[in-house]
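Me: Please take a close look at one part of this protein, the charged side chains and the sheet they sit around, and walk me through it in one connected answer.

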Amino acid sequence: MGSRKNKGNTFNTFQEVNSPKKFFQKLKKKKVNIPDFSLKKKEHSNWLIKSSKSVGGNSVFFSNTKKYSGKNWFYQKKIVGEVFSVQFFCREENIKILSACSIITSKLGTFPFYLKGIITKRLNYSEEKEIYIIISTISKLFSLNGFNNIDLIYDEKDKKIKVLELNTRPGLSTKMNEKLLLKFFKSKFSFNYEFVNPEFFFSSTIIYSRANLMITKEHSNFLKNLPKNKFSELPLKNDIVKKNQPICLLHLKSKDKRKLENKINAWTHNVITNLCNI
């Protein structure tokens, strides 16, 4: 155990990244572009209240609709622009961008920004260059190691890419990057790799239940017959899936983004309709 090399982030890194005060103050000091943020109350519709422990948007609200307090909560000014994430692998000063994904959110119950899924995004040269500088700065600042996700937003007003948050844990993009990740974990960064925009658009979508479900034998048989290369995280017989909770993940690809979006909608409708009608 003592000689085993750590291929992930340290506990100290997790602590710093999950402290809004430390994280954003360090970024501000290094002049990394970030939205306006505050640890003091900002009860206004153009401010959000967020938790650093938010998962899939379950702790992101308009600040004039929710009241929370604690060291994990902070206020962030709402920005108009495209939200996307970038997945990257780093070891010491070697950094490799694996993919970029548009983040799709929707209102679900009382949650205004619930994560619906991701679709790979193609980067132009200037975007890739700007993102690499951001990732390089943050990697050194927090001594990042291994697989990481960073959420960004392109501010339409300022025409700049700004950092929303950093996730030092595997996320929804893991499935689409699993082959590359295995290579990185097994290698010493000796093989040649440069980021190239993918020929296909890839997606990972969370299918949420529209009603409380107890997974019966009939439900289980339907789920088992779904294509294994398209679905993962399926519930088991006798599992209880509550309304607005995830049922499973859907993974698709297409050369045409519009066709991919249509496939996502069709498969999602198929799964929800069949499960609810059994």
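**Salt bridges and the sheet around them**

Reply: In this predicted model, there are seven salt bridges in the structure. One of them joins glutamate 82 to lysine 121, with 3.1 Å between the closest N and O atoms. This pair connects distant parts of the chain, since glutamate 82 belongs to strand 5 (residues 81-91) while lysine 121 sits in the loop between strand 7 and helix 3 (125-142), 39 residues apart. The two partners can also be described by their cover: glutamate 82 has a relative accessible area of 33% and is therefore partly exposed, whereas lysine 121, with a relative accessible area of 11%, is buried because buried means under 20%. The pair is also part of something wider, as Glu82, Lys121 and Glu127 are linked in a network of salt bridges.

A further salt bridge is formed by aspartate 155 and lysine 162, whose closest N and O atoms are 2.9 Å apart, and both aspartate 155 and lysine 162 are buried. Lysine 255 and glutamate 199 meet through their side chains in another salt bridge, at 2.7 Å from N to O. Because lysine 255 lies in the loop between strand 14 and helix 6 (257-277) and glutamate 199 in the loop between helix 4 (174-186) and strand 10, this pair ties together parts that are 56 residues apart in sequence. Here lysine 255 is exposed, and glutamate 199 is exposed as well.

Several of the strands named so far belong to one sheet. It is an open sheet of eight strands, paired in the antiparallel sense, in the order 9-8-5-6-7-10-14-12. Strand 9 (160-167) and strand 12 (231-232) stand at its edges, and each has a single partner strand, so one side of each is left without a neighbour in the sheet.

Strand 10 (residues 201-208) deserves a closer view within that order. This strand is mostly covered, with seven of its eight residues buried. Towards strand 7 (residues 111-120), strand 10 is joined by three bridges in an antiparallel arrangement, and in this pairing isoleucine 119 stands opposite serine 203 of strand 10. Towards strand 14 (residues 246-254), strand 10 pairs over eight bridges, again in the antiparallel sense. Among the facing residues there, isoleucine 207 stands opposite cysteine 248 in strand 14, and tyrosine 208 has proline 246 of strand 14 as its bridge partner.

The remaining charges to consider are on the surface, where Lys40, Lys42, Lys77 and Lys157 gather in a patch of positive charge. Lysine 42 is found in the loop between strand 1 (37-38) and strand 2 (47-51), and at 32% relative accessibility lysine 42 counts as partly exposed. Lysine 157 occupies the loop between strand 8 (146-155) and strand 9; its relative accessibility is 75%, and therefore lysine 157 counts as exposed. As for the spacing of lysine 157 from another part of the chain, its C-alpha atom is separated by 47 Å from that of aspartate 239, and the two residues are 82 residues apart along the chain.

Technical notes. Residues are numbered from 1 along each chain as its sequence is written. This is a predicted model: local features need pLDDT of at least 70, side-chain atom pairs count only at pLDDT 80 or more; totals for chains, interfaces and linings use all residues. Side-chain values use heavy atoms; hydrogens and water are left out. Patches are made of residues with over 30% relative accessible area and no salt bridge: like charges are joined within 9 Å, nonpolar side chains (Val, Leu, Ile, Met, Phe, Trp, Tyr) within 5 Å. Accessible areas come from the Shrake-Rupley method with a 1.4 Å probe; for residues, only the protein chains shown count as cover. A salt bridge is a side-chain nitrogen of Lys or Arg within 4 Å of a carboxyl oxygen of Asp or Glu. Lys and Arg count as positive and Asp and Glu as negative; His and the chain ends are not counted. The place of a charge is taken as NZ of Lys, CZ of Arg, CG of Asp or CD of Glu. Helices (H or I, at least four residues) and strands (E, at least two) are DSSP runs, numbered from the N terminus. Buried means under 20% relative accessible area, exposed over 50%, partly exposed in between (1.4 Å probe, protein chains only). Two strands pair if DSSP finds at least two bridges between them.
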